[in-house]
Amino acid sequence: MINKIVQSMAQAMADIRDGAVVLLGGFGSIGQPNALIDGLIEQGAKDLTVVSNNAGVGRAGLARLLELGRVCKIICSYPRTVDPVVFEGLYRAGKIELEIVPQGTMAERLRAAGAGIPAFFTPTGVGTKLAAGKEQREIAGRKCLLEEALAGDVALVEAWEADRWGNLTYRSSARNFNPVMATAAKLTIAQAQHIVDLGALDPEKIATPGIYVDRVLHVPYGEPTVT
Amino acid sequence: MNALAACKPRTRNEMAARVARDIPEGWFVNLGIGAPLQVADHVPAEREVVFHSENGVLGMGPVPEPDRINRWLINAGKQYVTLRSGGSYMHHADSFALIRGGHLDLCVLGAFQVAENGDLANWSTSENDSAPAVGGAMDLAAGARQVWVLMDHQTKSGESRLVRRCTYPLTALGVVKRIYTNLAVLDVTPEGFAVREIVEGLTLDTLQEVTSAPLRMLD
(Lines give C-alpha, C1' and ligand atoms only; values in the text may rest on other atoms or scores of the structure.)
Protein backbone atom coordinates (compact mmCIF):
# COMPACT_ATOMS: atom_id res chain seq x y z
CA MET A 1 0.00 0.00 0.00
CA ILE A 2 1.32 3.42 -0.90
CA ASN A 3 1.25 5.71 2.11
CA LYS A 4 3.14 9.00 1.94
CA ILE A 5 1.62 10.38 5.13
CA VAL A 6 4.22 10.70 7.87
CA GLN A 7 3.35 10.93 11.53
CA SER A 8 6.02 13.28 12.83
CA MET A 9 8.01 16.32 11.81
CA ALA A 10 11.22 14.33 12.35
CA GLN A 11 10.07 11.80 9.71
CA ALA A 12 9.09 14.63 7.39
CA MET A 13 12.53 16.26 7.68
CA ALA A 14 14.64 13.09 7.51
CA ASP A 15 17.60 13.09 5.10
CA ILE A 16 17.71 16.86 4.35
CA ARG A 17 21.45 17.35 4.05
CA ASP A 18 23.84 20.24 4.59
CA GLY A 19 24.31 22.16 1.35
CA ALA A 20 20.85 21.28 0.01
CA VAL A 21 18.95 23.52 -2.41
CA VAL A 22 15.57 24.05 -0.72
CA LEU A 23 12.53 25.34 -2.61
CA LEU A 24 10.01 27.15 -0.38
CA GLY A 25 6.48 27.67 -1.67
CA GLY A 26 4.39 30.73 -0.90
CA PHE A 27 3.90 34.29 -2.04
CA GLY A 28 4.39 36.49 0.98
CA SER A 29 2.90 34.51 3.85
CA ILE A 30 0.08 32.94 1.81
CA GLY A 31 0.76 29.34 0.84
CA GLN A 32 4.00 29.37 2.78
CA PRO A 33 4.80 26.06 4.52
CA ASN A 34 5.51 27.64 7.92
CA ALA A 35 5.38 24.45 9.98
CA LEU A 36 7.86 22.71 7.65
CA ILE A 37 10.19 25.73 7.78
CA ASP A 38 10.11 25.52 11.59
CA GLY A 39 10.79 21.79 11.23
CA LEU A 40 13.80 22.52 9.05
CA ILE A 41 15.09 24.98 11.67
CA GLU A 42 14.77 22.22 14.28
CA GLN A 43 16.30 19.59 11.98
CA GLY A 44 19.58 21.49 11.71
CA ALA A 45 20.69 21.27 8.05
CA LYS A 46 23.02 24.15 7.14
CA ASP A 47 24.82 25.79 4.19
CA LEU A 48 21.45 25.79 2.45
CA THR A 49 20.52 27.55 -0.77
CA VAL A 50 16.94 28.74 -0.48
CA VAL A 51 14.68 29.48 -3.45
CA SER A 52 11.70 31.57 -2.39
CA ASN A 53 9.83 34.53 -3.87
CA ASN A 54 10.50 36.65 -0.78
CA ALA A 55 13.35 36.72 1.74
CA GLY A 56 11.50 36.47 5.04
CA VAL A 57 9.54 38.83 7.23
CA GLY A 58 10.25 39.84 10.83
CA ARG A 59 12.16 37.23 12.81
CA ALA A 60 10.11 34.05 12.38
CA GLY A 61 10.03 31.30 9.74
CA LEU A 62 12.42 31.89 6.84
CA ALA A 63 13.81 34.99 8.58
CA ARG A 64 14.68 32.82 11.60
CA LEU A 65 16.42 30.26 9.36
CA LEU A 66 18.47 33.11 7.88
CA GLU A 67 19.22 34.64 11.27
CA LEU A 68 20.59 31.33 12.52
CA GLY A 69 23.16 31.48 9.73
CA ARG A 70 21.91 28.33 8.03
CA VAL A 71 21.44 29.82 4.56
CA CYS A 72 24.43 30.78 2.42
CA LYS A 73 22.49 31.86 -0.66
CA ILE A 74 18.98 33.00 -1.44
CA ILE A 75 17.44 33.02 -4.92
CA CYS A 76 14.36 35.22 -5.05
CA SER A 77 12.55 37.93 -6.99
CA TYR A 78 11.53 40.29 -4.22
CA PRO A 79 13.66 40.36 -1.05
CA ARG A 80 12.01 43.59 0.09
CA THR A 81 8.99 43.03 2.36
CA VAL A 82 7.27 45.04 5.08
CA ASP A 83 9.96 43.95 7.53
CA PRO A 84 13.00 42.34 5.87
CA VAL A 85 15.23 43.22 8.84
CA VAL A 86 17.12 39.92 9.08
CA PHE A 87 17.81 39.51 5.36
CA GLU A 88 18.94 43.12 4.88
CA GLY A 89 21.29 42.92 7.87
CA LEU A 90 22.94 39.74 6.58
CA TYR A 91 23.10 41.06 3.03
CA ARG A 92 24.73 44.34 4.03
CA ALA A 93 27.23 42.45 6.18
CA GLY A 94 28.11 40.25 3.18
CA LYS A 95 26.98 37.12 5.02
CA ILE A 96 24.49 35.93 2.43
CA GLU A 97 24.64 35.69 -1.35
CA LEU A 98 21.64 37.03 -3.28
CA GLU A 99 20.55 36.01 -6.77
CA ILE A 100 17.72 38.25 -8.00
CA VAL A 101 15.57 36.59 -10.65
CA PRO A 102 12.53 38.12 -12.36
CA GLN A 103 9.51 36.42 -10.83
CA GLY A 104 8.24 34.83 -14.03
CA THR A 105 11.70 33.66 -15.00
CA MET A 106 12.03 32.06 -11.57
CA ALA A 107 8.69 30.29 -11.96
CA GLU A 108 9.60 29.08 -15.46
CA ARG A 109 13.10 27.93 -14.38
CA LEU A 110 11.40 25.81 -11.70
CA ARG A 111 8.82 24.53 -14.18
CA ALA A 112 11.58 23.67 -16.64
CA ALA A 113 13.42 21.70 -13.97
CA GLY A 114 10.32 19.63 -13.26
CA ALA A 115 9.60 19.15 -16.95
CA GLY A 116 13.09 18.01 -17.97
CA ILE A 117 13.94 21.15 -19.94
CA PRO A 118 17.55 22.14 -19.16
CA ALA A 119 17.24 25.75 -20.33
CA PHE A 120 15.02 28.10 -22.31
CA PHE A 121 15.12 31.50 -24.03
CA THR A 122 13.01 34.40 -22.78
CA PRO A 123 12.78 38.11 -23.65
CA THR A 124 12.39 39.02 -19.97
CA GLY A 125 15.40 40.95 -18.68
CA VAL A 126 17.03 41.81 -22.02
CA GLY A 127 18.94 45.09 -21.79
CA THR A 128 18.87 45.14 -17.98
CA LYS A 129 21.60 44.49 -15.46
CA LEU A 130 20.07 41.07 -14.72
CA ALA A 131 21.19 40.04 -18.21
CA ALA A 132 24.85 40.20 -17.15
CA GLY A 133 26.71 37.00 -17.95
CA LYS A 134 23.79 35.39 -19.78
CA GLU A 135 23.87 34.20 -23.36
CA GLN A 136 21.75 36.43 -25.58
CA ARG A 137 20.30 35.38 -28.91
CA GLU A 138 17.85 36.89 -31.35
CA ILE A 139 15.00 34.49 -32.07
CA ALA A 140 12.16 35.36 -34.47
CA GLY A 141 13.28 38.98 -34.41
CA ARG A 142 13.30 39.32 -30.64
CA LYS A 143 16.32 39.45 -28.35
CA CYS A 144 16.20 36.74 -25.68
CA LEU A 145 18.25 35.53 -22.72
CA LEU A 146 19.17 31.92 -22.03
CA GLU A 147 17.89 30.88 -18.60
CA GLU A 148 18.76 27.56 -17.01
CA ALA A 149 16.39 25.25 -15.15
CA LEU A 150 16.35 25.65 -11.38
CA ALA A 151 16.07 22.32 -9.59
CA GLY A 152 15.86 21.68 -5.87
CA ASP A 153 17.07 18.88 -3.65
CA VAL A 154 14.05 19.48 -1.45
CA ALA A 155 10.74 21.31 -1.92
CA LEU A 156 8.62 22.35 1.06
CA VAL A 157 5.06 23.13 0.00
CA GLU A 158 1.75 23.96 1.61
CA ALA A 159 -1.47 22.32 0.46
CA TRP A 160 -5.12 22.49 1.46
CA GLU A 161 -6.06 18.80 1.17
CA ALA A 162 -3.95 15.68 0.68
CA ASP A 163 -4.49 11.94 0.46
CA ARG A 164 -2.10 9.05 1.14
CA TRP A 165 -0.91 8.96 -2.46
CA GLY A 166 0.26 12.57 -2.08
CA ASN A 167 -2.39 14.10 -4.32
CA LEU A 168 -2.77 17.77 -3.36
CA THR A 169 -5.31 20.56 -3.69
CA TYR A 170 -4.72 24.22 -2.87
CA ARG A 171 -6.87 27.08 -1.72
CA SER A 172 -7.32 30.32 -3.70
CA SER A 173 -4.09 32.26 -4.21
CA ALA A 174 -2.21 29.95 -1.80
CA ARG A 175 -1.57 27.81 -4.88
CA ASN A 176 1.14 30.19 -6.22
CA PHE A 177 4.61 28.57 -6.40
CA ASN A 178 3.61 25.36 -4.59
CA PRO A 179 2.56 23.13 -7.54
CA VAL A 180 5.55 24.31 -9.58
CA MET A 181 8.09 23.68 -6.84
CA ALA A 182 6.53 20.30 -6.06
CA THR A 183 7.60 19.12 -9.53
CA ALA A 184 11.12 20.56 -9.35
CA ALA A 185 12.76 18.78 -6.39
CA LYS A 186 14.13 15.30 -5.74
CA LEU A 187 12.29 15.22 -2.40
CA THR A 188 8.95 17.02 -2.08
CA ILE A 189 7.43 17.39 1.37
CA ALA A 190 3.93 18.83 1.78
CA GLN A 191 2.13 20.11 4.82
CA ALA A 192 -1.65 19.86 4.46
CA GLN A 193 -4.52 21.31 6.46
CA HIS A 194 -6.74 18.30 5.72
CA ILE A 195 -5.93 14.62 5.15
CA VAL A 196 -8.69 12.83 3.28
CA ASP A 197 -9.31 9.23 2.24
CA LEU A 198 -7.93 8.02 -1.06
CA GLY A 199 -10.65 8.61 -3.63
CA ALA A 200 -12.22 11.50 -1.72
CA LEU A 201 -10.51 14.18 -3.81
CA ASP A 202 -12.29 15.12 -7.01
CA PRO A 203 -9.76 14.14 -9.73
CA GLU A 204 -10.72 17.34 -11.59
CA LYS A 205 -9.51 19.42 -8.61
CA ILE A 206 -6.17 17.73 -7.91
CA ALA A 207 -3.59 20.40 -8.80
CA THR A 208 -0.54 18.34 -7.84
CA PRO A 209 -0.76 14.63 -8.68
CA GLY A 210 0.88 12.44 -6.07
CA ILE A 211 3.69 11.38 -8.42
CA TYR A 212 5.45 14.62 -7.46
CA VAL A 213 5.03 14.25 -3.70
CA ASP A 214 7.13 12.11 -1.36
CA ARG A 215 5.87 12.94 2.13
CA VAL A 216 2.76 14.56 3.59
CA LEU A 217 2.44 15.91 7.13
CA HIS A 218 -0.95 16.88 8.59
CA VAL A 219 -0.72 20.47 9.89
CA PRO A 220 -4.23 21.81 10.61
CA TYR A 221 -3.17 25.31 11.65
CA GLY A 222 -6.27 27.24 10.60
CA GLU A 223 -6.16 30.59 8.87
CA PRO A 224 -3.02 32.33 7.62
CA THR A 225 -2.22 35.94 8.45
CA VAL A 226 -0.81 38.36 5.89
CA THR A 227 2.66 39.69 6.66
CA MET B 1 7.49 75.09 -9.53
CA ASN B 2 6.11 78.63 -10.13
CA ALA B 3 5.48 77.61 -13.69
CA LEU B 4 2.84 75.22 -12.40
CA ALA B 5 1.11 77.68 -10.06
CA ALA B 6 -1.75 78.36 -12.45
CA CYS B 7 -2.76 74.73 -12.97
CA LYS B 8 -4.34 72.07 -10.82
CA PRO B 9 -2.29 68.85 -11.01
CA ARG B 10 -4.21 65.59 -10.84
CA THR B 11 -4.17 63.70 -7.55
CA ARG B 12 -3.19 60.02 -7.50
CA ASN B 13 -6.85 59.11 -7.39
CA GLU B 14 -7.65 61.37 -10.35
CA MET B 15 -4.72 59.90 -12.30
CA ALA B 16 -6.04 56.38 -11.63
CA ALA B 17 -9.53 57.47 -12.73
CA ARG B 18 -8.06 58.97 -15.92
CA VAL B 19 -6.31 55.68 -16.79
CA ALA B 20 -9.51 53.73 -16.08
CA ARG B 21 -11.45 55.84 -18.61
CA ASP B 22 -9.22 54.53 -21.41
CA ILE B 23 -9.60 50.80 -20.65
CA PRO B 24 -12.29 49.26 -22.86
CA GLU B 25 -14.59 46.41 -21.97
CA GLY B 26 -13.17 42.99 -22.59
CA TRP B 27 -9.52 43.78 -21.89
CA PHE B 28 -7.35 41.61 -19.66
CA VAL B 29 -5.31 43.94 -17.49
CA ASN B 30 -2.55 43.60 -14.89
CA LEU B 31 -2.08 46.45 -12.43
CA GLY B 32 1.33 46.96 -10.84
CA ILE B 33 1.65 47.36 -7.08
CA GLY B 34 1.25 50.84 -5.62
CA ALA B 35 -0.77 53.57 -7.34
CA PRO B 36 -1.80 51.48 -10.41
CA LEU B 37 -3.86 49.17 -8.14
CA GLN B 38 -6.30 52.08 -7.64
CA VAL B 39 -7.21 51.98 -11.33
CA ALA B 40 -9.52 49.01 -10.68
CA ASP B 41 -11.65 51.11 -8.31
CA HIS B 42 -12.56 53.41 -11.21
CA VAL B 43 -13.71 50.79 -13.71
CA PRO B 44 -17.47 50.46 -13.24
CA ALA B 45 -18.60 46.87 -12.52
CA GLU B 46 -20.85 46.83 -15.60
CA ARG B 47 -17.83 47.42 -17.86
CA GLU B 48 -16.30 43.93 -17.84
CA VAL B 49 -12.53 44.35 -17.56
CA VAL B 50 -10.72 41.27 -16.24
CA PHE B 51 -7.93 42.05 -13.79
CA HIS B 52 -4.99 39.67 -13.36
CA SER B 53 -2.74 39.41 -10.34
CA GLU B 54 0.68 37.85 -10.86
CA ASN B 55 0.24 35.47 -7.90
CA GLY B 56 -2.23 33.42 -9.89
CA VAL B 57 -5.55 35.27 -9.81
CA LEU B 58 -7.53 36.08 -12.97
CA GLY B 59 -10.76 38.02 -12.46
CA MET B 60 -9.71 39.86 -9.32
CA GLY B 61 -12.42 41.95 -7.67
CA PRO B 62 -12.38 44.77 -5.12
CA VAL B 63 -11.23 44.74 -1.49
CA PRO B 64 -13.66 42.63 0.59
CA GLU B 65 -15.88 43.83 3.45
CA PRO B 66 -14.06 43.12 6.75
CA ASP B 67 -16.40 40.24 7.62
CA ARG B 68 -16.07 38.59 4.19
CA ILE B 69 -12.31 38.20 3.89
CA ASN B 70 -10.93 35.03 2.29
CA ARG B 71 -7.56 34.75 4.06
CA TRP B 72 -6.08 32.74 1.20
CA LEU B 73 -6.82 35.39 -1.42
CA ILE B 74 -4.39 38.28 -1.81
CA ASN B 75 -3.10 40.41 -4.68
CA ALA B 76 0.48 41.12 -5.72
CA GLY B 77 0.61 43.94 -3.16
CA LYS B 78 -0.28 41.36 -0.47
CA GLN B 79 -3.67 42.97 0.22
CA TYR B 80 -6.88 40.96 0.61
CA VAL B 81 -9.00 40.99 -2.55
CA THR B 82 -12.02 39.14 -3.93
CA LEU B 83 -12.67 36.98 -6.97
CA ARG B 84 -15.37 38.06 -9.42
CA SER B 85 -17.84 35.61 -10.93
CA GLY B 86 -15.96 33.93 -13.75
CA GLY B 87 -12.61 34.32 -12.00
CA SER B 88 -10.04 31.55 -11.74
CA TYR B 89 -6.82 30.55 -9.99
CA MET B 90 -3.62 29.24 -11.52
CA HIS B 91 -0.11 28.43 -10.34
CA HIS B 92 2.82 30.80 -10.74
CA ALA B 93 4.31 29.29 -13.88
CA ASP B 94 0.93 29.51 -15.64
CA SER B 95 0.37 33.01 -14.30
CA PHE B 96 3.61 34.19 -15.88
CA ALA B 97 3.07 32.12 -19.03
CA LEU B 98 -0.07 34.20 -19.47
CA ILE B 99 2.04 37.35 -19.07
CA ARG B 100 5.02 36.28 -21.17
CA GLY B 101 2.82 34.72 -23.81
CA GLY B 102 1.33 38.08 -24.76
CA HIS B 103 -2.19 37.30 -23.52
CA LEU B 104 -2.58 40.47 -21.44
CA ASP B 105 -3.96 43.43 -23.35
CA LEU B 106 -2.44 45.88 -20.91
CA CYS B 107 -0.21 46.29 -17.92
CA VAL B 108 -0.25 49.54 -15.93
CA LEU B 109 2.96 50.10 -13.98
CA GLY B 110 4.44 52.74 -11.74
CA ALA B 111 7.87 54.08 -12.75
CA PHE B 112 10.84 56.16 -11.68
CA GLN B 113 11.68 57.21 -15.24
CA VAL B 114 10.44 56.71 -18.79
CA ALA B 115 12.65 57.62 -21.75
CA GLU B 116 11.47 59.08 -25.05
CA ASN B 117 12.29 55.75 -26.73
CA GLY B 118 9.95 53.90 -24.36
CA ASP B 119 12.64 52.52 -22.05
CA LEU B 120 11.28 51.87 -18.58
CA ALA B 121 13.08 52.19 -15.22
CA ASN B 122 10.85 51.14 -12.35
CA TRP B 123 12.62 48.69 -10.06
CA SER B 124 15.72 50.29 -8.59
CA THR B 125 17.04 53.83 -8.19
CA SER B 126 20.71 53.00 -7.93
CA GLU B 127 23.31 50.72 -9.45
CA ASN B 128 24.33 50.01 -5.85
CA ASP B 129 20.90 49.29 -4.40
CA SER B 130 21.31 47.50 -1.05
CA ALA B 131 19.01 44.66 -2.06
CA PRO B 132 17.17 45.36 -5.29
CA ALA B 133 13.71 43.83 -5.63
CA VAL B 134 12.45 43.22 -9.14
CA GLY B 135 9.38 41.04 -8.51
CA GLY B 136 7.36 40.61 -11.69
CA ALA B 137 8.14 44.01 -13.22
CA MET B 138 10.51 42.77 -15.93
CA ASP B 139 8.18 39.93 -16.92
CA LEU B 140 5.18 42.26 -17.16
CA ALA B 141 7.07 44.95 -19.05
CA ALA B 142 8.41 42.46 -21.59
CA GLY B 143 5.26 40.36 -21.89
CA ALA B 144 2.13 42.52 -21.91
CA ARG B 145 0.89 43.69 -25.34
CA GLN B 146 0.85 47.27 -24.09
CA VAL B 147 2.53 48.96 -21.14
CA TRP B 148 1.13 52.18 -19.74
CA VAL B 149 2.84 54.06 -16.93
CA LEU B 150 1.14 55.97 -14.15
CA MET B 151 3.57 58.29 -12.32
CA ASP B 152 4.14 61.84 -11.13
CA HIS B 153 5.59 64.08 -13.83
CA GLN B 154 8.50 65.11 -11.59
CA THR B 155 10.40 63.75 -8.62
CA LYS B 156 9.85 65.32 -5.22
CA SER B 157 12.92 67.51 -5.85
CA GLY B 158 11.48 68.71 -9.17
CA GLU B 159 13.43 66.61 -11.67
CA SER B 160 11.61 65.38 -14.75
CA ARG B 161 10.68 61.68 -14.74
CA LEU B 162 10.24 61.88 -18.51
CA VAL B 163 13.77 61.82 -19.86
CA ARG B 164 15.79 61.46 -23.05
CA ARG B 165 17.60 58.42 -21.65
CA CYS B 166 16.97 56.66 -18.33
CA THR B 167 19.70 57.07 -15.72
CA TYR B 168 18.23 54.49 -13.32
CA PRO B 169 18.64 50.73 -13.92
CA LEU B 170 16.34 49.60 -16.72
CA THR B 171 13.37 47.26 -16.40
CA ALA B 172 12.81 46.77 -20.14
CA LEU B 173 13.74 48.43 -23.44
CA GLY B 174 11.29 50.40 -25.58
CA VAL B 175 8.08 49.01 -24.07
CA VAL B 176 6.12 52.02 -22.75
CA LYS B 177 3.32 53.16 -25.06
CA ARG B 178 1.54 55.77 -22.91
CA ILE B 179 2.18 57.78 -19.73
CA TYR B 180 -0.40 59.25 -17.36
CA THR B 181 1.12 61.88 -15.07
CA ASN B 182 -0.35 64.44 -12.70
CA LEU B 183 0.11 67.04 -15.46
CA ALA B 184 -0.54 65.31 -18.76
CA VAL B 185 -1.27 62.21 -20.83
CA LEU B 186 1.44 61.42 -23.37
CA ASP B 187 2.11 58.78 -26.01
CA VAL B 188 5.55 57.38 -26.72
CA THR B 189 6.00 57.52 -30.50
CA PRO B 190 8.92 56.75 -32.82
CA GLU B 191 9.50 60.54 -32.80
CA GLY B 192 9.48 60.81 -28.99
CA PHE B 193 6.87 62.05 -26.51
CA ALA B 194 3.59 63.29 -27.99
CA VAL B 195 1.14 65.08 -25.71
CA ARG B 196 -2.47 63.86 -25.87
CA GLU B 197 -3.86 65.96 -23.07
CA ILE B 198 -2.73 68.61 -20.57
CA VAL B 199 -4.43 69.46 -17.26
CA GLU B 200 -6.47 72.65 -17.20
CA GLY B 201 -4.50 75.86 -16.80
CA LEU B 202 -1.25 74.44 -18.16
CA THR B 203 0.21 75.23 -21.59
CA LEU B 204 2.49 73.04 -23.72
CA ASP B 205 5.30 75.57 -23.19
CA THR B 206 4.97 75.33 -19.42
CA LEU B 207 4.76 71.53 -19.54
CA GLN B 208 7.94 71.56 -21.64
CA GLU B 209 9.69 73.67 -18.97
CA VAL B 210 9.24 70.88 -16.43
CA THR B 211 10.05 68.04 -18.86
CA SER B 212 13.65 67.21 -19.76
CA ALA B 213 12.81 65.58 -23.12
CA PRO B 214 11.28 67.39 -26.09
CA LEU B 215 7.47 67.38 -26.36
CA ARG B 216 5.09 67.94 -29.22
CA MET B 217 1.32 67.81 -29.47
CA LEU B 218 -0.08 64.58 -30.86
CA ASP B 219 -1.09 65.05 -34.48
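**Exercise 1. A sheet in chain B**

Find the strand order of the open three-stranded sheet in chain B, and say which strands stand at its edges.

*Solution.* The model is predicted.
- Step 1: read the order. The three strands of this open sheet run E7-E6-E9 in chain B, and their pairing is mixed.
- Step 2: find the edges. Strand E7 (120–121) and strand E9 (162–163) of chain B each have a single partner strand, so one side of each lacks a neighbour in the sheet.
- Step 3: take one pair. Strand E6 (residues 113–115) of chain B joins E9(B) in the parallel sense, over two bridges.
- Step 4: name facing residues. Val114(B) sits opposite Leu162(B), which belongs to E9(B).

**Exercise 2. The buried face of a helix**

Identify the buried residues of helix H4 (residues 85–92) of chain A and work out how they are arranged around the axis.

*Solution.*
- Step 1: list them. Val86(A), Phe87(A) and Leu90(A) are the buried residues of H4(A).
- Step 2: look down the axis. The buried residues of H4(A) fall within an arc of 95°, so they line one face of the helix.
- Step 3: recall the geometry. An α-helix has 3.6 residues a turn, so residues three or four places apart point the same way.
- Step 4: find the packing partner. The buried residues of H4(A) pack against helix H3 (62–67) of chain A.
- Step 5: see what follows. Gly94(A) comes after H4(A) and has a positive phi, near 70°.

**Exercise 3. Two positive phi angles**

Asp15(A) and Ser172(A) have positive phi without being glycine. Locate each, and decide whether each is buried or exposed.

*Solution.*
- Step 1: recall the background. Most residues other than glycine have a negative phi.
- Step 2: take Asp15(A). Its phi is about 75°. Asp15(A) lies in the loop between helix H1 (9–13) and strand E2 (21–24) of chain A.
- Step 3: count neighbours. Asp15(A) has 10 other C-beta atoms within 10 Å, so it is exposed; the cut-off is 12 or fewer.
- Step 4: take Ser172(A). Its phi is near 45°. The loop that holds Ser172(A) runs between strand E10 (168–169) and helix H6 (178–183) of chain A.
- Step 5: count again. Ser172(A) has 21 C-beta neighbours inside 10 Å, so it counts as buried; here the cut-off is 20 or more.

**Exercise 4. Phe96(B) and the chain contact**

Place Phe96(B), list its contacts, and then describe the side of chain A that touches chain B.

*Solution.*
- Step 1: place the residue. Phe96(B) belongs to helix H2 (residues 92–100) of chain B. It is buried, with 28 C-beta neighbours inside 10 Å.
- Step 2: list contacts, leaving out residues up to four places away in sequence. Phe96(B) touches Gln103(A), Gly104(A), Ala107(A), Glu108(A) and Asp139(B).
- Step 3: widen the view. The contact takes 42 residues from chain A and 32 residues from chain B.
- Step 4: rank the elements. Helix H5 (103–115) is among the elements of chain A that give two or more residues to this side. H5(A) supplies the largest share, seven residues.
- Step 5: sort by type. The side of chain A that touches chain B has 20 nonpolar, 13 polar and nine charged residues.

**Exercise 5. Chain B as a whole**

Decide how the radius of gyration of chain B compares with the globule rule.

*Solution.*
- Step 1: count elements. Chain B has four helices and 13 strands.
- Step 2: compare radii. The radius of gyration of chain B is 18 Å, close to the 17 Å given by the globule rule for 219 residues, so chain B is as compact as a globular protein of that length.
- Step 3: add burial. In chain B, 46% of the 219 residues count as buried.

Definitions and conventions:
Residues numbered from 1 in each chain as written. Chains lettered and ligands numbered in written order. Predicted model: local features only at pLDDT ≥ 70, side-chain atom pairs only at ≥ 80, totals over all residues. Arc of directions from axis to C-beta. Contact = placed C-beta atoms within 7 Å. Pairing = 2+ DSSP bridges. Nonpolar A, V, L, I, M, F, W, Y, C, P; charged D, E, K, R; others polar. Rg over C-alpha atoms; globule rule 2.2 N^0.38 Å.
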